[in-house]
Amino acid sequence: MKRTLIRIDEEKCTGCGLCIPNCPEGAIQIIDGKARLVSELLCDGLGACLGHCPEGAITTEIRNAEAYDERRVIENIVKQGDNTVKAHLDHLKAHGLDDDYNQAVTYLSDRNIRIPESGETGETRELSPGCPGSRSMAFAREEPAREHPEGKRPSQLTHWPIQMHLLSPDAPHYRGTDMLLAADCAAYSLGGFHDDYLRGRVLGIACPKLDQGKDIYLEKLTALIDRARINTLTVITMEVPCCRGLLELTREARGRARRKIPITSVVVGIHGDILGEEQI
């Protein structure tokens, strides 16, 4: 089957081992001075280890592999103690992986192993359920006046992460929403980005020219349409030719998806002006 897995660039890897404690599933080991993915069965592909590699040697890609095996993962994690078990369960919850979560809880219950409660702390430092930069979270924002009392405009961002490689289509804050997919440069070029386009929408950002793993973007966009059931998709790109790839990915994802949703294309000029806005 095709699924998302981590990929380790051997040339970039220095063997520092910082990724190891941030993969409680046990899918990575240091062998011959390099980090290696030793078991595809144990890799959930969510990339909790990504933000812990100082050399940027770890990315994700879609390839043929055996299915992820949650029962083997939780069996390995139990040996690491309650804090790691809790971190793993929180990790599954945060990414909306209900089936895997239920398998893990069933495994623990069948063996009379205590299930740590969410928010519980132990005597030792509680491990984070993954890289803080890639942990899914939503945060409410009060609706402010159009102009902030101090003259500053507040952010309209309501969730994290936003980079397409890091976000999970199964995160609850994407379900049944209107989505904004923006080229990286758009937010810096468009003065009214937050108030005019981000307000009331969930966000994903990407660079169609520099980002690797565009097949992953295609899979995630399709999942956002079909599984998250987003209502609409607005795509903001720059006028430069390389930016058109983001819109083409969106068209292809809609073509693959079972559901058909309205897509709005917004093109921004390099001087920050809107050059065009249309339904596609």
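Me: Why does Thr-60 count as buried?

Reply: The model is a predicted one. In it, Thr-60 has a relative accessibility of 8%. Buried means under 20%, so Thr-60 counts as buried. Thr-60 lies in strand S4.

Me: Which residues is Thr-60 in contact with, leaving aside its neighbours within four places in sequence?

Reply: Thr-60 is in contact with Thr-4, Leu-5, Ile-6, Arg-7, Gly-45, Leu-50, His-165 and Ile-216.

Me: What makes the pair of Arg-7 and Glu-61 a salt bridge?

Reply: The closest N and O atoms of Arg-7 and Glu-61 are 3.9 Å apart. The cut-off is a side-chain nitrogen of Lys or Arg within 4 Å of a carboxyl oxygen of Asp or Glu, so the pair qualifies as a salt bridge. Arg-7 is in strand S1 (residues 2-8) and Glu-61 is in strand S4 (residues 58-64); with their positions 54 residues apart, the pair links distant parts of the chain. Arg-7 and Glu-61 also belong to a network of salt bridges with Arg-63. In general, side chains of opposite charge can pair when their charged atoms come close.

Me: Why are Arg-7 and Glu-61 called partly exposed?

Reply: Partly exposed covers what falls between buried, under 20%, and exposed, over 50%. Arg-7 has 38% relative accessibility, so it counts as partly exposed. Glu-61 has 25% and therefore counts as partly exposed.

Me: How many salt bridges does the structure hold?

Reply: The structure holds eight salt bridges. Among them is the one between Arg-251 and Glu-248, where the closest N and O atoms are 3.6 Å apart. Another is formed by the side chains of Glu-252 and Arg-256, at 3.4 Å from N to O.

Me: What separates Glu-252 and Arg-256 in helix H7?

Reply: About one helical turn separates Glu-252 and Arg-256, because they are four residues apart in helix H7. Arg-251 and Glu-248 also lie in helix H7 (residues 244-256), three residues apart, about one turn of the helix.

Me: Are Glu-252 and Arg-256 buried, partly exposed or exposed?

Reply: Glu-252 has a relative accessible area of 38%, so it is partly exposed. Arg-256 has 48%; that value is not over 50%, so Arg-256 is partly exposed. In the other pair, Arg-251 is partly exposed at 37%, and Glu-248 counts as partly exposed at 46%.

Me: Why are H6 and H7 called oblique to each other?

Reply: The axes of helix H6 (residues 214-226) and H7 come within 8 Å and cross at roughly 50°. Angles under 35 degrees count as roughly parallel and those from 65 to 115 as roughly perpendicular. A crossing of roughly 50° fits neither range, so H6 and H7 are oblique. H6 passes H7 in a right-handed crossing.

Me: Which residues of H6 and H7 meet?

Reply: From H6 they are Lys-214, Tyr-217, Leu-218, Glu-219, Leu-221, Thr-222 and Ile-225, and from H7 they are Leu-249, Thr-250, Glu-252, Ala-253, Arg-254 and Arg-256. The contact divides into six nonpolar, two polar and five charged residues.

Me: Why is Met-164 called buried?

Reply: Met-164 has a relative accessible area of 1%, under the 20% limit, so it is buried. Met-164 is found in the loop between strand S6 (159-160) and strand S7 (178-183). Not counting residues up to four places away in sequence, Met-164 touches Met-179, Leu-181, Gly-204, Ile-205, Ala-206, Tyr-217, Lys-220 and Leu-221. Met-164 and Lys-220 are 56 residues apart along the chain, while their C-alpha atoms are separated by 7.8 Å.

Me: Where is Pro-161 found, and what joins Trp-160 and Pro-161?

Reply: Pro-161 is found in the loop between S6 and S7. A cis peptide bond joins Trp-160 and Pro-161, with omega about 0°.

Me: What is the phi of Arg-229?

Reply: Phi of Arg-229 is near 55°, a positive value in a residue other than glycine. Arg-229 lies in the loop between H6 and strand S9 (232-238). At 48% relative accessible area, Arg-229 is partly exposed.

Terms used
Residues numbered from 1 in each chain as written. Predicted model: local features only at pLDDT ≥ 70, side-chain atom pairs only at ≥ 80, totals over all residues. Heavy atoms only, no water. Helix = DSSP H or I, 4+ residues; strand = E, 2+ residues; numbered from the N terminus. Buried < 20%, exposed > 50% of the residue type's maximum accessible area, 1.4 Å probe, protein only. Contact = heavy atoms within 4.5 Å. Axes fitted to C-alpha atoms, helices over the stretch in contact; angles between N-to-C directions. Parallel < 35°, antiparallel > 145°, perpendicular 65-115°, else oblique. Left-handed = near helix turned anticlockwise from the far one by under 90°. Nonpolar A, V, L, I, M, F, W, Y, C, P; charged D, E, K, R; others polar.
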